[in-house]
Amino acid sequence: MHPFPSRKRLAIAALAMACAAGAGAKTLVFCSEGSPENFYPGVNTTGTSFDANEPIYNRIVEFERGGTKVMPGLAERWDISPDGLTYTFFLRKGVKWHSHRTFKPARDFNADDVIFGFERQWKEENPYFKVTSSNHSYFNDMGLPKLIKSVAKVDDYTVKITLNQPEAPFLANLAMPYAAVQSKEYADAMLKAGTPEKIDQEPIGTGPFYLVQYQKDAVIRYKAFAPYWGGKAKLDDLVYAITPDASVRWAKLQKGECHVMPYPNPADLEAIRKDPNVTVLEQPGLNIGYLAYNTTKKPFDDVRVRKAVSMAINRKAIIDGVYLGTGVIAKNPIPPIMSAYNDAVKDTPFDPEGAKKLLAQAGYPNGFSSDLWAMPVQRPYNPNAKRIAELMQADLVKIGVKAEIKTFEWGEYRKRLQAGEHQMGMFGWTGDNGDADNFLHTLLGCDSAKSNGSNVAKFCYKPFEDLVLKAKVVTKPAERDALYKQAQVIFKEQEPWLTMAHAVQLKPVRKEVIDFKPSPFSRHNFYGVDLKE
């Protein structure tokens with residue numbers, strides 16, 4: 001019997017082939033954690049699929065590498081009307097499409113491709129609306145079907161998008177993976193041939209690499225696209241060696257069989273940090289883990305009780321004991337990498353004696369009893385909610401608060417938490433677009449509190465609401481940031497959550513890799529990366 005299952009043999013053979021093909025060429029191997037759903041980001045929801053699509057496509061605007069700033073992409077510039085309703089995009093000329101054995105493009109990228117990308121996700125009568133999947137999750141979840149009034153072609157290199165109301169995060173929304181631009185010419189050709197699904201299985205894009213080969217659960221191979229509009233990539237070949245087990249990824253990184261690995265095991269970190277050939281890149285993630293107080297239920301309808309409970313919990317001990325160096329204490333509901341982050345906000349102190357005094361003032365000199373909900377799953381912002389709940393329970397009993405830990409199956413947990421059945425419940429969020437609205441309005445706004453949405457504190461407070469709604473329609477970034485900074489001050493005064501932690505992204509990378517930048521969205525982008533000779 002062969003010592004390897006056939007899937008592993010396939011992966012090793014494919015890797016060997018990649019290395020042979022790249023003799024003298026620069027080949028970077030990324031030990032990815034899984035297989036993509038397909039090669040069409042518009043219907044994907046997993047980071048694994050977004051990563052596999054990242055080398056192939058562009059969007060009309062892009063996030064800067066390693067950051068959240070919106071930069072020109074396939075649009076070299078844009079104008080926004082003073083009322084914030086009309087966005088005019090001026091597209092790049094001379095942008096080439098990839099080609100492959102069944103399709104050779106006859107034209108460069110133009111406005112028809114941009115319009116196809118919107119209509120495919122928006123118009124049910126579009127022949128591609130249901131191809132691969134009709135669940136355009138991101139397009140729908142951001143309310144784009146109602147927000148967008150029209151997408152019109154002014155000429156071959158100008159597209160005008162008109163909205164029904166102003167939406168300040170709109171540009172950032174267009175830089176997200178779902179908005180990848182596909183070729184209308186390729187789509188038409190495959191529709192005519194009776195194989196429309198091919199555009200999502202054998203993709204062509206305008207991106208820095210083109211797809212050469214995909215073997216499910218084994219390998220994805222890409223090659224640098226020489227005529228790429230941004231200039232040819234520094235790497236010649238890019239290989240995703242699909243490796244679901246974190247410890248196996250680490251073993252491959254040690255041996256030099258891969259150069260970059262995602263999602264290390266916290267238990268392996270000590271060994272990884274000691275390896276002289278590896279650098280562990282760290283970046284605060286675009287996330288927040290928190291304990292939400294149900295502000296509509298006694299005793300948490302009293303801000304003094306909320307403050308007292310927060311003051312009784314030793315977050316430093318939790319971060320040190322549970323996050324194992326993969327988290328930083330959070331003081332605000334948005335992470336520090338955002339431009340709207342208010343560093344001047346004073347954090348709630350760890351002060352059990354002060355907590356007892358506040359409880360007495362609120363009419364609870366002997367404490368009270370409450371539930372404490374803990375998530376049943378590991379999340380990017382919370383590595384072990386059950387253990388954290390036990391530590392919180394031990395802290396709270398010292399101020400007379402008896403907390404009973406509760407949990408449910410994950411789907412049930414979310415549903416019941418969103419319905420407001422809890423008194424205290426752990427939850428969290430990972431941002432999608434680098435915009436503060438994606439945290440402050442989605443998680444703490446009145447709409448979301450009333451609709452069994454993501455506002456599980458059921459926090460609806462007019463001074464806060466007025467600021468976050470105003471920030472939606474203001475278009476100047478500095479003015480929006482100022483409004484969000486004020487909102488964070490009010491959040492801290494009202495304490496609807498104990499802000500727990502921002503998980504730190506850890507990316508072990510071999511030292512021969514030059515200029516790999518971790519993405520705040522946990523994406524992996526290899527354009528601009530180089531290897532030492």
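In this predicted model, strand β5, which covers residues 86-91, runs antiparallel to strand β7, covering residues 158-163, and 5 bridges join the two. Within this pair, T86 has T162 in β7 as its bridge partner. The points below place this pairing in its sheet, turn to a second sheet with mixed pairing, and then take up some backbone details in loops.

**The antiparallel sheet**

- Strands β5 and β7 belong to an open sheet of 4 strands, whose order is β4-β5-β7-β6 and whose pairing is antiparallel.
- The edges of this sheet are taken by β4 (75-80) and β6 (148-155), and because each of them has a single partner strand, one side of each is left without a neighbour in the sheet.
- On average, and with direction ignored, neighbouring strands of this sheet are turned by 20° against each other.
- Helix α3, made up of residues 111-122, packs on the sheet and touches β5, β6 and β7, while its direction makes about 160° with that of β6.

**The mixed sheet**

- Another open sheet is formed by 4 strands in the order β1-β10-β9-β8, and here the pairing is mixed.
- Its edge strands are β1 (27-30) and β8 (209-215), each of which pairs on one side only.
- Neighbouring strands of this sheet are turned by 20° against each other on average, again with direction ignored.
- The pairing of β1 with strand β10 (residues 237-241) is in the parallel sense and extends over 4 bridges, and within it L28 stands opposite L238 in β10.

**A cis peptide bond**

- The peptide bond that leads from K298 to P299 is cis, with an omega near -5°.
- P299 is located in the loop between β12 (287-293) and α11 (303-312).

**Positive phi in residues other than glycine**

- D217 has a phi near 65°, which is a positive value in a residue other than glycine, and its place is in the loop between β8 and β9 (219-224).
- The relative accessible area of D217 is 26%, so this residue counts as partly exposed.
- E495 likewise has a positive phi, near 50°, and is a residue other than glycine; the loop that holds E495 lies between α19 (477-494) and β17 (497-510).
- With a relative accessible area of 1%, E495 is buried, because the term applies to values under 20%.

Definitions and conventions. Residues numbered from 1 in each chain as written. Predicted model: local features only at pLDDT ≥ 70, side-chain atom pairs only at ≥ 80, totals over all residues. Heavy atoms only, no water. Pairing = 2+ DSSP bridges. Axes fitted to C-alpha atoms, helices over the stretch in contact; angles between N-to-C directions. Contact = heavy atoms within 4.5 Å. Buried < 20%, exposed > 50% of the residue type's maximum accessible area, 1.4 Å probe, protein only.
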